[in-house]
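User: I am new to this structure and would like to understand the reasoning behind its description. Could you take me through it?

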Amino acid sequence: AFVLFPVLRVSPLAALLGTSFERTVPFHRWLGRLLFALMTIHFAGMVALKGGQEALQWEGEKNNLAGTISWICTAVMAVTGSLPGLRRRNWELFQYLHLVLFPVAIIFAVLHDVRTALYMS
């Protein structure tokens with residue numbers, strides 16, 4: 001949830017810091033990169049520990065396929081967001097991907113492990 005605070009037009013974070021929306025965007029990028037790095041470490045560690053086939057299973061206490069889908073959505077957002085040329089030349093595509101993929105990533109993260117919702121509240 002902290003990833004969203006810096007990019008809200010009426011941001012509690014910006015108000016708290018006494019700054020503008022535009023000045024909080026780098027904080028959003030930093031948090032997004034950190035989130036993607038942590039997700040990638042978790043994903044790679046689980047694949048190394050349990051094997052790639054288990055990453056595609058949708059059964060048991062944790063739906064690993066849902067986690068994989070969430071990671072893929074986040075990876076697409078991270079790649080399109082970290083390439084300034086792509087982001088500037090194709091702003092509409094960049095924005096559309098974020099608006100569509102972010103809710104999908106959240107939904108599948110919660111489907112992967114319900115406790116994820118606790119970290120977002």
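User: Which residues do ring pairs link into a cluster?

Analyst: Happy to help! Ring pairs join Phe-36, Phe-43 and Trp-71 into a cluster. Please keep in mind that this is a predicted model.

User: What makes Phe-36 and Trp-71 an aromatic pair that is stacked?

Analyst: Their rings are 6.0 Å apart, centre to centre, and a pair needs centres within 6.5 Å. The angle between the planes is 25°, while stacked means under 30 degrees. Both conditions are met, so the pair is called stacked. Phe-36 belongs to helix 2 (residues 21–50) and Trp-71 to helix 3 (residues 64–82), so this pair ties together parts 35 residues apart in sequence.

User: How do you know that Phe-43 and Trp-71 are stacked?

Analyst: The same test works here. Their centres lie 4.7 Å apart with 10° between the planes, and the limits are 6.5 Å and 30 degrees. Phe-43 is in helix 2 and Trp-71 in helix 3, so here the parts tied together are 28 residues apart in sequence. In total, the structure holds four aromatic pairs.

User: Why is Phe-43 called partly exposed?

Analyst: Its relative accessible area is 22%. Buried would require under 20%, and exposed over 50%. The value for Phe-43 falls in between, so partly exposed is the right term.

User: How much of the protein is buried?

Analyst: Buried residues make up 26% of the 121 residues. In helix 5 (residues 91–112), they are Phe-94, Leu-97, Leu-101, Ala-105, Ala-109 and His-112. Their cover includes helix 2, helix 3, helix 4 (84–89) and helix 6 (116–120).

User: Why can residues three or four places apart in an α-helix point the same way?

Analyst: An α-helix has 3.6 residues a turn, so residues at that spacing point the same way.

User: What makes the span of helix 5 close to the expected one?

Analyst: Helix 5 has 22 residues and reaches 30 Å from its first C-alpha to its last. The expected value at 1.5 Å a residue is 32 Å, so the span counts as close to it.

User: Where does helix 5 bend?

Analyst: The bend is at Leu-101 and comes to about 25°. A proline, Pro-103, follows within four residues.

User: And what is the secondary structure of the whole protein?

Analyst: There are six helices and zero strands, giving the order α-α-α-α-α-α from the N terminus on.

Conventions:
Residues are numbered from 1 along each chain as its sequence is written. This is a predicted model: local features need pLDDT of at least 70, side-chain atom pairs count only at pLDDT 80 or more; totals for chains, interfaces and linings use all residues. Side-chain values use heavy atoms; hydrogens and water are left out. Helices (H or I, at least four residues) and strands (E, at least two) are DSSP runs, numbered from the N terminus. Buried means under 20% relative accessible area, exposed over 50%, partly exposed in between (1.4 Å probe, protein chains only). Rings of Phe, Tyr and Trp (its six-membered ring) pair if their centres lie within 6.5 Å; planes under 30 degrees apart count as stacked, over 60 as edge-to-face and the rest as tilted. The bend at a residue is the angle between axes fitted to the seven residues ending there and the seven starting there. Contact means heavy atoms within 4.5 Å.
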